[in-house]
Amino acid sequence: MLKKGIQIKPAEGKLGVLLPGLGAVSTTFIAGVEAVKKGLASPIGSLTQMGTIRLGKRTEHRVPLIREFVPLADLTDLVFGGWDIFQDNCYEAAVHAGVLEKPLVEAVRPELEAVKPWPAVFDSYYVKRLQGNHVKTGKNKMDLAEQIKADILAFKKVNSLSRLVMIWCGSTEIFMQPGAAHQSLAAFEKALRADDPEIAPSMIYAYAALALGIPFANGAPNLTVDIPALLELANKNGVPVCGKDYKTGQTLLKTLLAPGLKARLLGLSGWFSTNILGNRDGEVLDDPESFKTKEESKLSVLEYILQPHLYPTLYNNFYHKVRINYYPPRGDNKEGWDNIDIFGWLGYPMQIKIDFLCRDSILAAPLVLDIVLFLDLAQRCGMRGIQEWLSFYFKSPMYAPELYPEHDLFIQLMKLKNTLRYLRGEELITHLGLEYYD
Ligand SMILES: NC(=O)c1ccc[n+]([C@@H]2O[C@H](COP(=O)([O-])OP(=O)(O)OC[C@H]3O[C@@H](n4cnc5c(N)ncnc54)[C@H](O)[C@@H]3O)[C@@H](O)[C@H]2O)c1
């Protein structure tokens with residue numbers, strides 16, 4: 001029984017939310033927070049705003065709201081800032097993204113217009129389908145990192161912020177694997193000065209944030225902070241980090257369904273997933289190099305959940321294919337199809353078909369809010385490095401080198417809630433429950 005919990009610093013003062021990339025997800029998130037603050041809409045999908053947590057025995061009937069159980073920043077204390085390669089303010093970007101209906105966007109227009117992007121650190125080598133002119137120039141990548149830091153410090157000063165969190169909502173960069181420049185902080189800093197191509201723009205933002213002691217989350221599948229050099233910096237500066245790639249849409253459904261199939265020991269011979277998507281994200285992912293980054297992130301999920309090495313009869317050699325097709329008429333309203341070939345008792349085959357007509361940014365926005373609030377909480381608890389308890393939010397959760405990632409959404413949720421119980425000195429819940437029948 002844990003009694004004491006952790007000393008948690010109070011959530012006093014304003015929390016700055018730094019967003020590299022002010023596109024569909026960011027603007028849907030900001031507009032949503034502003035609409036919730038005005039009482040125009042509900043924060044549906046957000047665990048921090050609507051979720052509860054059971055404490056103690058079932059007979060105790062103690063089920064507070066999570067936001068009353070742990071000290072989280074209040075929505076009224078959030079201040080937004082960000083960078084983009086386009087000059088559009090958040091109102092213009094939200095209209096362009098076309099996710100939200102006009103009356104809602106108009107209702108929060110002044111708040112959205114007030115968020116004007118700072119020039120981005122960008123290079124189209126890393127995102128082939130985009131060209132923008134609202135971009136920084138500098139003598140080398142270290143200089144660009146210094147400029148990001150200057151933006152952050154000015155934003156902090158002007159808005160009298162007490163804390164900050166950075167969350168990557170920029171486009172998906174090309175597929176990269178950890179290389180020599182990523183192996184240590186010293187090598188990384190040398191590479192920044194040498195303009196090494198191994199340093200992608202997202203890494204420059206992450207470096208700037210961590211160097212200033214600001215927690216960093218990665219909403220895209222890019223490598224970004226998932227390299228030894230930046231984890232070294234996070235640990236050195238006592239900063240929490242998490243990622244990668246928001247778990248929404250088709251992968252969310254996959255991690256709901258696959259644990260169920262495994263729980264019932266139903267076999268899988270194939271899982272074919274295809275999507276049509278017409279927003280800017282879809283356009284970027286139409287480039288094979290950016291798609292490769294996304295594909296890796298989407299494919300690993302089933303392998304880890306189904307554990308073919310433990311269940312060879314059920315899951316050896318299942319065929320798994322994921323496709324994303326850019327189809328402009330759909331905008332942000334994605335359609336994702338899954339055809340799942342399973343088999344049961346005596347090997348008899350069956351099929352499951354899913355047609356998910358989802359809204360990508362509507363699913364992602366509450367995750368952005370939760371990740372920001374929980375990372376800020378982690379920072380105030382003195383937690384540093386990878387925050388595996390936030391795997392719940394990601395398609396490719398970051399994890400310690402000696403582990404494998406946990407993808408099962410229900411285990412992830414239990415882990416998240418048990419972490420909150422641990423922080424507050426409450427008993428962890430095991431679901432054993434034998435004592436009720438003694
Ligand atoms: N919507 C979802 O459900 C979901 C789920 C998982 C991951 N993601 C990822 O989240 C990210 C954002 O998605 P979105 O739908 O908002 O895309 P989007 O294209 O609407 O927005 C991305 C924005 O980032 C900007 N950008 C690109 N590179 C930048 C840089 N180096 N610095 C600053 N800005 C930069 C672009 O100009 C664009 O405005 C994408 O990487 C996407 O793959 C989204």
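A residue counts as buried here if 20 or more other C-beta atoms lie within 10 Å of its own, with C-beta atoms placed from the backbone. By that criterion strand S2, residues 78-84 of this predicted model, is mostly covered, since six of its seven residues are buried.

**Strand pairing around S2**

S2 has pairing partners in S1 and S3, and the table sets out the two pairings.

| Pairing | Sense | Bridges | One bridge pair |
|---|---|---|---|
| S1 (residues 14-20) with S2 | parallel | six | Pro20 with Trp83 |
| S2 with S3 (residues 118-119) | parallel | two | Asp84 with Pro119 |

**Domains and their contact**

The chain is divided into domain 1, which comprises 14-246 together with 362-423, and domain 2, which covers 250-357. The centres of the two domains, taken over C-alpha atoms, are separated by 26 Å. Across the boundary, 26 residues of domain 1 are in contact with 26 residues of domain 2; on the domain 1 side, the touching residues divide by class into 12 nonpolar, seven polar and seven charged.

**The shell around the ligand**

Which residues come nearest to the ligand? Of the 37 residues around the ligand, these are Gly21, Gly23, Val25, Ala220 and Arg280. The elements that contribute two or more residues to this shell are helix H1 (24-37), strand S2, helix H12 (280-285) and helix H15 (360-380), and among these H15 gives the most, with four residues. S2 therefore enters the description twice, as a strand with six of its seven residues buried under the 20-neighbour cut-off and as a contributor to the ligand shell. Sorted by class, the shell has 20 nonpolar, 12 polar and five charged residues. Both domains take part, for the shell draws at least three residues from domain 1 and at least three from domain 2.

**Helix H10 and its surroundings**

In helix H10, which spans residues 228-236, the buried residues are Ala229, Leu230, Leu231, Leu233 and Ala234. An α-helix has 3.6 residues a turn, so residues three or four places apart point the same way. The buried residues of H10 pack against two helices, H8 (185-193) and H9 (201-211), and also against two strands, S6 (240-243) and S11 (385-386). Just after H10, the backbone at Gly238 takes a positive phi of about 65°.

Terms used:
Residues are numbered from 1 along each chain as its sequence is written. This is a predicted model: local features need pLDDT of at least 70, side-chain atom pairs count only at pLDDT 80 or more; totals for chains, interfaces and linings use all residues. A residue is buried if 20 or more other C-beta atoms lie within 10 Å of its own, exposed if 12 or fewer, and partly exposed in between; C-beta atoms are placed from the backbone. Two residues are in contact if their C-beta atoms, placed from the backbone, lie within 7 Å. Domain bounds come from an automatic or database domain assignment. Ala, Val, Leu, Ile, Met, Phe, Trp, Tyr, Cys and Pro count as nonpolar, Asp, Glu, Lys and Arg as charged, and the others, Gly among them, as polar. Two strands pair if DSSP finds at least two bridges between them. A residue is near a molecule or strand if its C-beta atom, placed from the backbone, lies within 6 Å of it.
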